[in-house]
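Here is a short briefing on one protein model. Keep the sequence and the 3D view side by side as you read.

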Amino acid sequence: MSENIIHTFCLAGVFLILFSSAEILYYKFKVRAELTRKYVHLSTGLLTLLFPPLIKDQWLVLLLCSSFFIILILSIKLKLLQSINGISRKTRGSILYPIIVYGCFLVFDHFGQLVLYYTPILILAISDPIAALVGKSWAKGKYKTFGQTKTLSGSGGFLISSLIICLSLFIGLESIPLFKAIIISFAVAFTTTLAEALSHKGYDNFTIPAAALSILIFFNHYYNFV
């Protein structure tokens, strides 16, 4: 238990360093908030991959996620952390992040399968920024969902990257047979791409992992894919 507590405080410190580095990039080096926000988004996702091996108690994960949820809420109210909050569009993505991380950890803790944690977290951390980057750099095939403009190029980037993530995890982490891995990967990639396309105002931080978990739990329950 003592090791878990030490690891929890160490990770909390690393997260604070991450937030501080984003603030330095924003204020000192004048990096735009959209970029520092994506930097924090990606880095946070990668750091949370350390939760399963370092923290064995879900209550400590809850404490860590709740702490940052409160920090993020206060930062919005007090107009702090402009490297994350200093964007013109309205979004709830930052405050949803710790909620979904804890939710994914609970699912992992219940089933005991790392793939149920790593898949949604990695897709959210990597594929979501890729969709935004590709969509802005190569804006092809614009379409609208609920009044928000998306691009087929961005959705394609999301689909391909999430497919690669799924195949890598299913084959490398769980040793799922190739045919099953391909079927499940396409199902997860397509569903999460659809969730990203239909979500706006940062709610994709919730819908993307939720969609991934729904498909994985479905296949695990009915087809015992591991």
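In which loop is K30 found? K30 sits in the loop between α1 (2-27) and α2. The model is predicted. The points below start with that loop, then move to helices, salt bridges and the surface.

**Two residues with positive phi**

- K30 has a phi near 60 degrees, a positive value in a residue other than glycine.
- K30 counts as exposed because its relative accessibility is 64%.
- L81 is not a glycine either, yet its phi is positive, at about 45 degrees.
- Look for L81 in the loop between α4 (58-77) and α5 (82-85).
- L81 has 15% relative accessibility, so it counts as buried.

**Helix α1 and its cover**

- Helix α1 has 26 residues.
- From its first C-alpha to its last, α1 reaches 38 Å, close to the 38 Å expected at 1.5 Å a residue.
- Which residues of α1 are buried? They are N4, T8, L11, A12, F15, L18, F19, A22 and E23.
- The cover over these buried residues includes α2, α3 (51-54), α4 and α5.

**S83 in helix α5**

- S83 belongs to helix α5.
- Is S83 buried or exposed? S83 is buried, because its relative accessible area is 0%.
- Beyond its neighbours within four places in sequence, S83 is in contact with F19, A22, E23, Y26, A33, T36 and R37.
- Among these contacts, F19, A22 and E23 also appear in the list of buried α1 residues.

**Salt bridge one: K38 and E34**

- How many salt bridges does the structure hold? It holds two.
- Side chains of opposite charge can pair when their charged atoms come close.
- One salt bridge joins the side chains of K38 and E34, at 3.5 Å from N to O.
- Both K38 and E34 lie in helix α2, four residues apart, which is about one turn of the helix.
- An α-helix has 3.6 residues a turn, so residues three or four places apart point the same way.
- K38 is partly exposed, because its relative accessible area is 24%.
- E34 has a relative accessible area of 16%, so it is buried.
- Helix α2 covers residues 33-47.
- Leaving out residues up to four places away in sequence, K38 touches A132 and K136.
- K38 and A22 are 16 residues apart in sequence, and their C-alpha atoms are 9.8 Å apart in space.

**Salt bridge two: E196 and K150**

- The side chains of E196 and K150 also meet in a salt bridge, at 3.1 Å from N to O.
- This pair links distant parts of the chain: E196 is in helix α9 and K150 is in strand β2, 46 residues apart.
- E196 counts as buried because its relative accessibility is 7%.
- K150 counts as buried too, because its relative accessibility is 11%.
- Strand β2 takes in residues 148-151.
- What else does the side chain of K150 reach? It reaches the backbone oxygen of E196, at 3.0 Å.
- Not counting residues up to four places away in sequence, K150 touches G141, K142, Y143, T145, E196, A197 and S199.

**A nonpolar patch on the surface**

- Which residues form the nonpolar patch on the surface? They are F146, L159, I160, I164, F190, L194 and L198.
- Together these residues have about 720 Å² of accessible area.
- Helices α8 (152-172) and α9 (178-198) are the elements that give two or more residues to the patch.
- L159, one of the patch residues, is placed in helix α8.
- L159 counts as partly exposed because its relative accessibility is 32%.
- Helix α9 appears twice here: it gives residues to the patch, and it holds E196 of the second salt bridge.

Terms used. Residues are numbered from 1 along each chain as its sequence is written. This is a predicted model: local features need pLDDT of at least 70, side-chain atom pairs count only at pLDDT 80 or more; totals for chains, interfaces and linings use all residues. Side-chain values use heavy atoms; hydrogens and water are left out. Patches are made of residues with over 30% relative accessible area and no salt bridge: like charges are joined within 9 Å, nonpolar side chains (Val, Leu, Ile, Met, Phe, Trp, Tyr) within 5 Å. Accessible areas come from the Shrake-Rupley method with a 1.4 Å probe; for residues, only the protein chains shown count as cover. A salt bridge is a side-chain nitrogen of Lys or Arg within 4 Å of a carboxyl oxygen of Asp or Glu. Buried means under 20% relative accessible area, exposed over 50%, partly exposed in between (1.4 Å probe, protein chains only). A polar contact is a pair of N or O atoms within 3.5 Å; within protein, one must be able to donate a hydrogen and the other to accept it, and residues adjacent in sequence count only if both atoms are side-chain atoms. Contact means heavy atoms within 4.5 Å. The expected span of a helix is 1.5 Å times one less than its number of residues.
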